[in-house]
Amino acid sequence: MKRQLPLVLVFIFGVFMIFQYFVPHESSEWIFEFLLDWIYIIGIFAMALAIYSLVRVSWDKIKHRRENWQYAVMTLLGLFLMVLFGFDYGRHFFSAEGLQNFMFRHFFDYIMIPIQATMFSLLAFFIASAAYRAFRARSLLASLLLISALIVMLRFNPYLGPVAEYMEKTASWLLNVPNLAAKRGIIIGVGLGIVATALKVILGIERNYLGKD
Amino acid sequence: MSNIGLIISALLIVGGLLWLLIRSLTGREVERRVIFIFIGLAVAVPLLFNITFSEKATPIVKGIFDKIENLPEGSKILVSFDYGPSMAPEVEPMSNAFVRHALAKNHKLYIMGLWATGQSLAASAIENVIKPEFPNKVNGVDYINIGYKAGNQGVLNVIITDFRKLYATDVDGVNLDSVEIFHGIKSLKDMDLLISVGGGFPGIKEWVLFAADPGNIPLAGGSAAVSTPLLYPYYPRQLIGLLGGIKGAAEYESELKKTYPDRFGDMPTPGIKMMGPQTLAHMVVMAFIVIGNLSFFFAKRKRK
Amino acid sequence: MKLKLLIFLCLLLFLIIPPSWGQEDATMENPADTLSIPPPAPVTNLRANDVDNDHGHAIEVRWTKSVDDGAGLNNVFGYVVYRALSPEGPFEERGRVPIGEEYYNDVGSKEKESIAYMPDYTNYFYKIRTLTSDSTIFRDTGVLGPVYSYGQWFNKARIPVLIFVAGFLIVTLFFISKAKSGADLFVRQLAGIEAVDEAIGRATEMGKPILYVLGLGTASEIATIASFTILGRVAKKVAEYQTGLIVPCYDPIVMTVAQETVKASYMDAGRPDSYNDDMVYFVTQSQFAYVAAVNGTMLRELPATNIYMGKFFAESLILAETGALAGSIQIAGTDEIAQIPFFVVACDYTLIGEELYAASAYLGREPILLGSLKAQDYAKAAVIFIAIIGFITVNFGWTGFTQLFEVPNSFFSQLFGGPS
Amino acid sequence: MANSRRISQIILAAVIILFAVSWIIKYFALQNEGVDTWFSIRDAFFITFAAFLTLAIMSFLYKDNPYYKFAEHLFVGVSAAYWMCVGFWSTFVGNFIPKVSHTLARFFEVPPKDIEITYFIPLILGIMLLLRLSSKIGWVSRWSLAFIVGTTAGLNLIRYLRTDFISQVSNTFIPLLVDWGGVGPFFSSFSLSASGQFVMSLANWMIFIGVFSGLIYFFFSKEHKGFFGGASKVGIWVLMITFGASFGYTVMGRVSLLVGRLTFLFQDWLGLIS
């Protein structure tokens, strides 16, 4: 019951989804769409568990006055306010108005978007520090990495003169030809890895994600 | 004022890099925060002081410029807006530059789009570029916007034989038969140059396969950086030229400015502007790679 | 047992083959007026049938193009496909086809509410109009029909996929049974895997925790499932060594599964008391908020080792650079091709693509799992073999073999776009 | 210790004053543009706060600090709630409620649809998932997990096989001699241009060799020795060249992001550039 039934469920649904692919008939499509819908709905319940986890970890921090507990207050405050706005207040309580709520939108536009975009833009700095640290001609492999990166970046040097055209061509060749070959090799390997892993899961060979008694 | 700032910051960046370079000869490493400062400066300074670099047009860009330049006055040029708002920052400078160049040379300009979103972007190009900068040009005589039709490459399949099978009117609902610019125009084959600006599907590739190749019409393109490498193989056989990403746009803009200093001396050049931080940041990253290798090399020698 | 069931079901599917190929020749009629443009010859050999290998709601109409299309009078401008519910009409336009083309797929919606709804098993009648540049001059064919659409029970176009799945399954099961019977299966060393063991030992010595990041994938990504199995092995060793483990999660379901996995590993290691649910916790489902939080954790907890396994997107480099700043040993593995370069550059060890999927077998060292690795290798050998044949046939201009591998798109591909 | 506390207090005060001043200046700037008093106060606050958060995140580059911690924790809370609300309204209320209860649908003001019994199954599975919180019958949550993992494993097995695997294998069937018309024409029209026959053929050779050496690199049950060693070495070379090129190519996109952020600071907040 605790261990066997879940494995049987994995097997049944896994095999069904494989067969579904070979059956174009409407009824198979119909079940397929249902199953996917269900996963989204279960996801909402999982979201409740997740928020519970976030609140509990933050609350524990505050209760036991662990290091940086003050900031956990900010997390809970942000969460609480955003939920309040998202579920709307006043007149439109409990209608889909929630997502259109003025403060909800403003928190999104003026807190989430700026932080998100700034986090993303940190990449400009990190890409430079990573390049400095790693692009060194230590070995043949590292040199290949370094040289091809340099060739592609050199296109942005305005003082190349007549060489510019060849740089451009070499760079686009690098991005077209070896790139395509390497990607294909990786994708074929990954495809096999995915099929093998999925089979192991469906056949119940790989099962430790289902826990133990 | 801005010149002083420019000189100071240039000294800071170049001097700082030189100093780091000399330090690296003794095998010393650069601290991460120093790299961060340089990247920050390399992006911020060109933005603040409007630093631009002279872009020299590569042959692939020059190919388009020369074509528009050398066509006899009154030639027919069609520009297709095949992009949406998300791609616009990168490719809008290109379509604007093409429009400017074509009208400045007194060519006839035909505007259309294979993307539904292209129609409104084309309209904004007319509002923001043509009307204020070329007040003498008349809609329906010197330029026309025939807009978007659904059907992706299917549209090209049809208009390569006959425009009027799909396009009865322009975007304003004016019958094509009644506008001067469409007199004697039957199909795409009557155009002297096609230009597709975009970077997705349908885009330049479809123009090559369904219009330029079968109709044997010269085609030029402007594409977002992501899809540019995939289009290079078409140059120079099927594409007379290609602007790749913001860099291509900048090269075209600087070519325009250089050739027509009076006319386009103070036109907005978003491409060149965007290239300032890009160029400087790339050079700083490359400089740090060089510094890193030097310090690695000398540290190794020292140990020996 | 399971294998027998599978084979049985495979055979069953082969037996179901759809009937019918409704084909009728249409007669020509309806001469147009004789004006400046002479009316073109109509299309001939008109035929229609249900579109094969689909869910129904679509009819394929084929014809031989008019003799005046591109030749003869050369005045054809395209074709219009008309459809009606009775031979008398009324006919409605279904689509237009440019010159040179000789087919049209009349595809309707399967949704009853949709205006494009096209019911199955309903008799339809078709005719094709050949157009000229003058809209008043055209030529119609006779009415063809009745034809109806219906869904199939087996998609024959996908037989190559079925053969591959079955073949792979058999090879996998063969090697697993071989491994179970005690045959020694050799696998070469992978540096990234050796490093995991080492890293856990190092963390124990330093008295610092291990940070395990499952990536941004949902539980539906196989990369994430592979990451669960690796997490299981890592957690077991962590439990044995009594080191700390931190698993911040991005997706709610992933968090739930990860908790179950880690708990099971602690039980396996005989230390169920050392486990608590706060080791595996939820952060947020927003990409960069998650990154911000994990970055903070790295600099505050200073983990001895950071392990990144699963699906990663733009955040890969932010995580890996911050980890390098914190001085942690970093081991990464992802199948997201665009991110592999960043991990290779910034991490100490990187499992590239397929190596991620092999990792759990390596870490577990169970013969069953090693058996499946062997099967993967044989499949790769088969790919190389097939590709060489394909390659030779293409170079000799023989396309039949290549066409075997062209699997038409289904609504699958429309349902799922990949993340960016 | 006391000293460093003192310094951080001074910095905090300075930061607060600075942003308060910026708020006021922004308020006047907005009012000059003809914005309503109340709206100017509000919008000026939001823009200033967004600028503060931007700088707080950037301060992480120097080192971890209270401002970064503040922004980080706030962001975590707000974004978690954001996605919860989106999930609740779009999936739960939008997709689920109308199919299970007309009363609830009316309550949430969404158009009810035909009741579908099958939708009670995910409801039950969802509730089983919530039972995790009970230590006694927490194991029933595994049923829900089993359902999700099984379904998606089967789905992905097929999906990758078709799109990634088979299409990539068949794409490798490429002619090694592009437009081959015999030895004579090949040499007479020899050119080094990118779309020329020679370069195209060379590219196809490269792709062919790259794919195969890459695949051999991924062999697990063969030692990298002899022929396998040589081929896998070529494989890793091709991989490294590719990784370097994509790294170099990405720099441009990342710099654009930073340009975007700095433009926000210089233009929307400080008004230094137009």
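User: How do you know how far apart the centres of domain 1 of chain A and domain 3 of chain A are?

Analyst: The centres are taken over C-alpha atoms, and 32 Å separate them. Nine residues from domain 1 of chain A and 10 residues from domain 3 of chain A take part in the contact, where contact means heavy atoms within 4.5 Å. Keep in mind that this is a predicted model: local features need pLDDT of at least 70, side-chain atom pairs count only at pLDDT 80 or more, and totals for chains, interfaces and linings use all residues. As for bookkeeping, residues are numbered from 1 along each chain as its sequence is written, chains are lettered from A and ligands numbered from 1 in the order in which they are written, and side-chain values use heavy atoms, leaving out hydrogens and water.

User: Where do domain 1, domain 2 and domain 3 of chain A start and stop?

Analyst: They run 1-85, 86-134 and 137-213, with bounds that come from an automatic or database domain assignment.

User: What makes up the area buried between domain 1 and domain 3 of chain A?

Analyst: Buried area is the accessible area (1.4 Å probe) that two parts lose on being put together, summed over both. By that rule, these two domains bury about 830 Å², and carbon and sulfur atoms give 68% of it. On the domain 1 side, Arg3(A), Leu7(A) and Val10(A) lose the most, together 64% of what that side buries.

User: How many salt bridges does the rule find across that interface?

Analyst: Zero. A salt bridge needs a side-chain nitrogen of Lys or Arg within 4 Å of a carboxyl oxygen of Asp or Glu. The count of residue pairs in polar contact (both at pLDDT 80 or more) is zero too.

User: Why is the meeting of Glu29(B) and Arg136(A) called a salt bridge?

Analyst: Set the value against the rule: N to O is 2.9 Å, and the pair joins an Arg to a Glu within the cut-off, so the name fits. One salt bridge is what the rule finds across the interface of chain B and chain A. Chain B and chain A bury about 2700 Å² between them, 73% of it on carbon and sulfur atoms. In contact are 30 residues of chain B and 27 residues of chain A.

User: What makes the pair Lys99(D) and Asp37(A) a salt bridge?

Analyst: Their closest N and O atoms are 3.7 Å apart. Lys and Asp are both on the list and that distance is inside the cut-off, so this pair qualifies. Between chain A and chain D the count is one salt bridge. There, 112 residues of chain A are in contact with 107 residues of chain D, and about 10600 Å² is buried between the chains, 85% of it on carbon and sulfur atoms.

User: Why is Asp64(D) said to make a polar contact with Arg300(C)?

Analyst: A polar contact is a pair of N or O atoms within 3.5 Å; within protein, one must be able to donate a hydrogen and the other to accept it, and residues adjacent in sequence count only if both atoms are side-chain atoms. The two side chains come to 2.8 Å, so the pair passes the distance test. Leaving aside residues up to four places away in sequence, Asp64(D) touches Leu299(C), Arg300(C) and Lys69(D).

User: Where in chain D is Asp64(D)?

Analyst: Asp64(D) sits in the loop between helix 2 (37-58) and helix 3 (66-100) of chain D. Helices here are DSSP runs (H or I, at least four residues; strands are E, at least two), numbered from the N terminus.

User: How do you know how much domain 2 and domain 3 of chain C bury between them?

Analyst: The accessible area they lose comes to about 420 Å², 60% of it on carbon and sulfur atoms. Leu370(C), Leu373(C) and Gln376(C) supply 83% of what domain 2 buries there, more than any other three residues. Four residues of domain 2 are in contact with four residues of domain 3, and the C-alpha centres of these domains lie 32 Å apart.

User: What makes Glu354(C) and Lys380(C) a salt bridge?

Analyst: Their closest N and O atoms are 3.1 Å apart, so this Lys and Glu meet the rule. The count between domain 2 and domain 3 of chain C is one salt bridge, and two residue pairs are found in polar contact (both at pLDDT 80 or more).
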